[in-house]
Amino acid sequence: MGKTVADLTLDDEHMTVGTEDSLQEAAKRLLTISGGIMVVLDEDGRVKGVIGQRQLIKALSEGIDASSAQCHEHMEMDFMQVSLTDSLKGVLADIRQRSPQAVVAVDGSGEFVGYFSPDDYQEAVQMVANLKGLNL
């Protein structure tokens, strides 16, 4: 049986922030994780965008006031949403074809459950390769 997105550990390498939170708050939270991103959620827990170091630095270079600028004004919206039940093989093919800035996982009701990080991508590639080697 093929592996699915649910077989990965998706609860690391990210933090969440609200659309109305300030960039200053996003930066504070981003500093508490190494190499991750901020996932911007609406009040219903649905992903609206992502903020990484690049978006924060770009906003600051434009002279914005990080304490009053809101996350929704500076988030990256080129993200791909996958379901926990999606096959890793299919997700990997979609990522290669689309090359999104970020991949996020959602549950059956569309609520955010995790960030599909570059490390998760490498783990998924290895899982699929192992299954292929076993002829599964």
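Helices and strands here are DSSP runs numbered from the N terminus, with at least four residues (H or I) for a helix and at least two (E) for a strand. The model is predicted.

**Exercise 1. The overall fold**

Task: State how many helices and strands the protein chain has, and give their order.

Solution.
- Step 1. Count the elements: the protein chain has four helices and six strands.
- Step 2. Read along the sequence. The pattern is β-α-β-β-α-β-α-β-β-α.
- Step 3. Add the extent. Along the principal axes, the C-alpha atoms fill a box of roughly 55 × 30 × 25 Å.
- Step 4. Add the burial. The protein chain has 136 residues, and 42% of them count as buried.

**Exercise 2. The two sides of α3**

Task: Find which residues of helix α3 are buried, and decide how they are arranged around its axis.

Solution.
- Step 1. Locate the helix: α3 spans residues 88–98.
- Step 2. List its buried residues. They are Leu88, Val91, Leu92 and Ile95.
- Step 3. Look down the axis of α3. The buried residues fall within an arc of 100°, so they line one face of the helix.
- Step 4. Recall the general geometry. An α-helix has 3.6 residues a turn, so residues three or four places apart point the same way.
- Step 5. Turn to the face away from the buried side. That face of α3 carries the exposed residues Lys89 and Gln97.

**Exercise 3. Past the end of α3**

Task: Describe the backbone, place and exposure of Ser99.

Solution.
- Step 1. Ser99 follows α3.
- Step 2. Place Ser99 in the loop between α3 and β5 (102–106).
- Step 3. Check phi. Ser99 is not a glycine, yet its phi is positive, about 50°.
- Step 4. Classify the exposure. The relative accessible area of Ser99 is 49%, so Ser99 is partly exposed.

**Exercise 4. Before β1**

Task: Are Asp11 and Glu13 buried or exposed?

Solution.
- Step 1. Place both residues. Asp11 lies in the segment before β1 (14–18), and Glu13 is in the segment before β1 too.
- Step 2. Set the cut-offs. Buried means under 20% relative accessible area, and exposed means over 50%.
- Step 3. Apply them to Asp11. Its relative accessibility is 60%, so Asp11 counts as exposed.
- Step 4. Apply them to Glu13. Its relative accessibility is 19%, so Glu13 counts as buried.
- Step 5. Check the backbone of Glu13. Its phi is positive, about 60°, although Glu13 is not a glycine.
- Step 6. Put Asp11 in its surroundings. Asp11 belongs to a negative surface patch, formed with Asp7, Asp12, Asp119 and Glu123.

Terms used: Residues are numbered from 1 along each chain as its sequence is written. This is a predicted model: local features need pLDDT of at least 70, side-chain atom pairs count only at pLDDT 80 or more; totals for chains, interfaces and linings use all residues. Side-chain values use heavy atoms; hydrogens and water are left out. Patches are made of residues with over 30% relative accessible area and no salt bridge: like charges are joined within 9 Å, nonpolar side chains (Val, Leu, Ile, Met, Phe, Trp, Tyr) within 5 Å. Accessible areas come from the Shrake-Rupley method with a 1.4 Å probe; for residues, only the protein chains shown count as cover. A salt bridge is a side-chain nitrogen of Lys or Arg within 4 Å of a carboxyl oxygen of Asp or Glu. Lys and Arg count as positive and Asp and Glu as negative; His and the chain ends are not counted. The place of a charge is taken as NZ of Lys, CZ of Arg, CG of Asp or CD of Glu. Buried means under 20% relative accessible area, exposed over 50%, partly exposed in between (1.4 Å probe, protein chains only). The arc is that of the directions from the helix axis to the C-beta atoms.
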